[in-house]
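Work through the exercises below with the sequence and the 3D structure open. Try each task before reading its solution.

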Amino acid sequence: MRSSVEEAPEYCAIEFAMEVLGGRWKMAILKQLVSGTHRFGELRRALPTITQRMLTRQLRELEADGLVTRTVYREVPPRVEYTLTDIGHSLDAITEQLDKWGRWYQETVRLAEPPTGPRPAA
């Protein structure tokens, strides 16, 4: 269980931010929601390697932290949509920068990796 905002010491703002945003999927989910409202199935298709259980869990945590709003439409079958809140949108520039950095890093590592195969004898 993480500490509340009121209980977090001032010196660990980055640690607290990582508690809210940390994990493999939260930033990827936020990146998807920057473009607008999405249904659960759309998010699942956009992130094909996430499990349904993990997506549900991460969305619930983002909602509890005030970054995402969940809207349930009383229809048959029920329709649920997720949207960034104003607080969630405050991360737009950060998600864009992380996306750019991740692409740069992938390319840098890909170019820097030596070819795989047997090592030459010494």
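**Exercise 1. The sheet**

How many bridges join β1 to β3, and do the two run parallel or antiparallel? Then work out the order of the strands in the sheet.

Solution.

Step 1. The model is a predicted one. In it, β1 and β3 are joined by two bridges and run antiparallel. R39 stands opposite E81 in β3.

Step 2. Turn to the other pairing. β2 and β3 (residues 79-84) are also antiparallel, with six bridges between them. Y73 has R79 of β3 as its bridge partner.

Step 3. Put the pairings together. The three strands make an open sheet in the order β1-β3-β2. Its edge strands are β1 (38-39) and β2 (68-73), each of which pairs on one side only.

Step 4. Look at the connection between β2 and β3. A hairpin of five residues joins β2 to β3.

**Exercise 2. The overall pattern**

Which pattern of helices and strands does the protein follow along its sequence?

Solution.

Step 1. Count the elements: there are six helices and three strands.

Step 2. Read them along the sequence. The pattern is α-α-β-α-α-β-β-α-α.

Step 3. Consider the contacts between residues with a separation of 6 or more. Residues 24 or more positions apart account for 47% of them.

**Exercise 3. The nonpolar core**

Which residues have the most contacts inside the largest nonpolar core, and which elements give two or more residues to it?

Solution.

Step 1. Start with burial in general: 25% of the 122 residues of the protein count as buried.

Step 2. Find the core. The largest nonpolar core has 21 residues, and I29, L30, L67, V68 and Y82 have the most contacts inside it.

Step 3. Assign the core to elements. Two or more residues come from each of α1 (13-21), α2 (26-33), α3 (40-46), α4 (52-64) and β3. The largest share, four residues, is that of α2.

Step 4. Take V68 as an example. Leaving out residues up to four places away in sequence, V68 touches L30, L33, L62, E63, Y82, T83, L84 and T85.

**Exercise 4. The two sides of helix α4**

Which residues of α4 are buried, and which exposed residues does the face turned away from them carry?

Solution.

Step 1. Check the length of the helix. α4 has 13 residues and reaches 18 Å from its first C-alpha to its last, close to the 18 Å expected at 1.5 Å a residue.

Step 2. List the buried residues of α4: L55, Q58, L59 and L62. Seen down the helix axis, the buried residues fall within an arc of 100°, so they line one face of α4.

Step 3. Ask what this face meets. The buried residues of α4 pack against α2, α3, β2 and β3.

Step 4. Go to the face turned away from the buried side. The exposed residues there are R53, R60 and A64.

Step 5. Look just past the helix. Just after α4, G66 takes a positive phi of about 80°.

**Exercise 5. Salt bridges**

Which residues do salt bridges with shared partners join into one network?

Solution.

Step 1. Recall the principle. Side chains of opposite charge can pair when their charged atoms come close. The structure holds six salt bridges.

Step 2. Begin with E61 and K26. Their salt bridge has its closest N and O atoms 2.7 Å apart. E61 lies in helix α4 and K26 in helix α2, so the pair ties together parts that are 35 residues apart in sequence.

Step 3. Compare the exposure of the two partners. E61 is partly exposed, at 28% relative accessible area, whereas K26 counts as buried at 1%.

Step 4. Add R57. Its side chain meets that of E61 in a salt bridge of 3.6 Å, N to O. R57 and E61 are four residues apart in α4, which means that about one helical turn separates them. R57 is partly exposed, with a relative accessible area of 47%.

Step 5. Join the pairs. Salt bridges that share partners link K26, R57 and E61 into one network.

Step 6. Return to the sheet for another of the salt bridges. The side chains of R79 and E81 meet at 3.0 Å, N to O. E81 is buried because its relative accessible area, 16%, is under the 20% cut-off.

Conventions
Residues are numbered from 1 along each chain as its sequence is written. This is a predicted model: local features need pLDDT of at least 70, side-chain atom pairs count only at pLDDT 80 or more; totals for chains, interfaces and linings use all residues. Side-chain values use heavy atoms; hydrogens and water are left out. Two strands pair if DSSP finds at least two bridges between them. A nonpolar core is a set of buried Ala, Val, Leu, Ile, Met, Phe, Trp, Tyr and Cys residues joined through side-chain atoms within 4.5 Å. Buried means under 20% relative accessible area, exposed over 50%, partly exposed in between (1.4 Å probe, protein chains only). Contact means heavy atoms within 4.5 Å. A salt bridge is a side-chain nitrogen of Lys or Arg within 4 Å of a carboxyl oxygen of Asp or Glu. The expected span of a helix is 1.5 Å times one less than its number of residues. The arc is that of the directions from the helix axis to the C-beta atoms.
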